[in-house]
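Here is a short tour for the bench. Have a look at the sequence and the fold first, then read on.

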Amino acid sequence: MDVHSGTFDPNEVSWQGLTLTPAAAAHVRELVSRQPEMQGLRLGVKQTGCAGFGYVLDTVTQPEKEDLLFETDGAKLYVSRKAMPFIDGTVVDYVRDGLNQIFKFHNPKAQHECGCGESFGVQAE
């Protein structure tokens with residue numbers, strides 16, 4: 001399945017949605033407070049890595065027409081409808097991992113992840 005293949009109609013699907021944990025929501029609000037033109041983050045996917053897909057986070061200053069908005073405690077997460085079949089139901093967390101603090105994605109659609117955790121695979125529907 002290809003993100004851009006158009007083999008499904010993302011406008012006619014009922015999505016579970018995405019959720020930000022309190023830690024992730026707090027971090028998104030902090031990022032927005034430092035950049036007044038920023039409205040939130042956009043989560044997407046791209047074909048990459050040894051498992052097939054990788055997560056992509058970008059800042060959003062102007063939402064795209066096709067974006068879905070998921071808001072938690074004032075933190076806005078935008079997602080392209082084309083990415084939803086790959087990440088619907090995902091819980092986005094923000095955790096301390098050693099000396100680093102990073103976003104972690106708990107994706108129920110991910111069938112497997114690569115050893116380094118940078119990419120994931122999904123089963124074709």
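Among contacts in the protein between residues at least 6 apart in sequence, what percentage join residues at least 24 apart? The share is 52%. Please keep in mind that this is a predicted model.

## Overall layout

The protein has two helices and nine strands. Starting at the N terminus, you will meet them in the order β-α-β-β-β-β-α-β-β-β-β.

Of the 125 residues in the protein, 41% are buried. The accessible surface amounts to about 7300 Å², and carbon and sulfur atoms account for 46% of that surface.

## The nonpolar core

In soluble globular proteins, nonpolar side chains tend to be buried together. Here, the largest nonpolar core holds 25 residues. The members that touch the most other members are Leu18, Leu43, Leu77, Val79, Ile87, Val92 and Phe103. Two or more residues come from each of these elements: the helices α1 (22–34) and α2 (84–87), and the strands β2 (40–48), β3 (52–60), β4 (67–72), β5 (75–80), β6 (91–97) and β7 (100–106). Helix α1 provides the largest share, four residues.

Leu18 is a good place to zoom in. Leaving aside residues up to four places away in sequence, Leu18 touches Leu43, Phe70, Leu77, Val79, Met84, Ile87, Asp88 and Thr90.

## Two salt bridges

Side chains of opposite charge can pair when their charged atoms come close. The model contains two salt bridges, and they are worth taking one at a time.

In one of them, the side chains of Glu30 and Arg34 meet, with 2.3 Å from N to O. Both residues sit in helix α1, and because they are four residues apart there, about one helical turn separates them. How open is this pair to the surface? Glu30 is partly exposed, at 38% relative accessibility, while Arg34 is exposed, with a relative accessible area of 53%.

The other salt bridge joins Arg42 and Asp67, whose closest N and O atoms lie 2.7 Å apart. This pair links distant parts of the chain, as Arg42 belongs to strand β2 and Asp67 to strand β4, 25 residues apart. Are these two partners buried or exposed? Arg42 counts as buried, with 17% relative accessibility. Asp67 also counts as buried, with a value of 12%.

## Putting it together

When you turn the model, try following strand β2 and strand β4: both give two or more residues to the core, and the salt bridge between Arg42 and Asp67 connects these strands as well.

Terms used: Residues numbered from 1 in each chain as written. Predicted model: local features only at pLDDT ≥ 70, side-chain atom pairs only at ≥ 80, totals over all residues. Heavy atoms only, no water. Core = buried A, V, L, I, M, F, W, Y, C linked by side-chain atoms within 4.5 Å. Buried < 20%, exposed > 50% of the residue type's maximum accessible area, 1.4 Å probe, protein only. Contact = heavy atoms within 4.5 Å. Salt bridge = Lys/Arg side-chain N within 4 Å of Asp/Glu carboxyl O. Areas by Shrake-Rupley, 256 points an atom, 1.4 Å probe, with all protein chains shown as cover.
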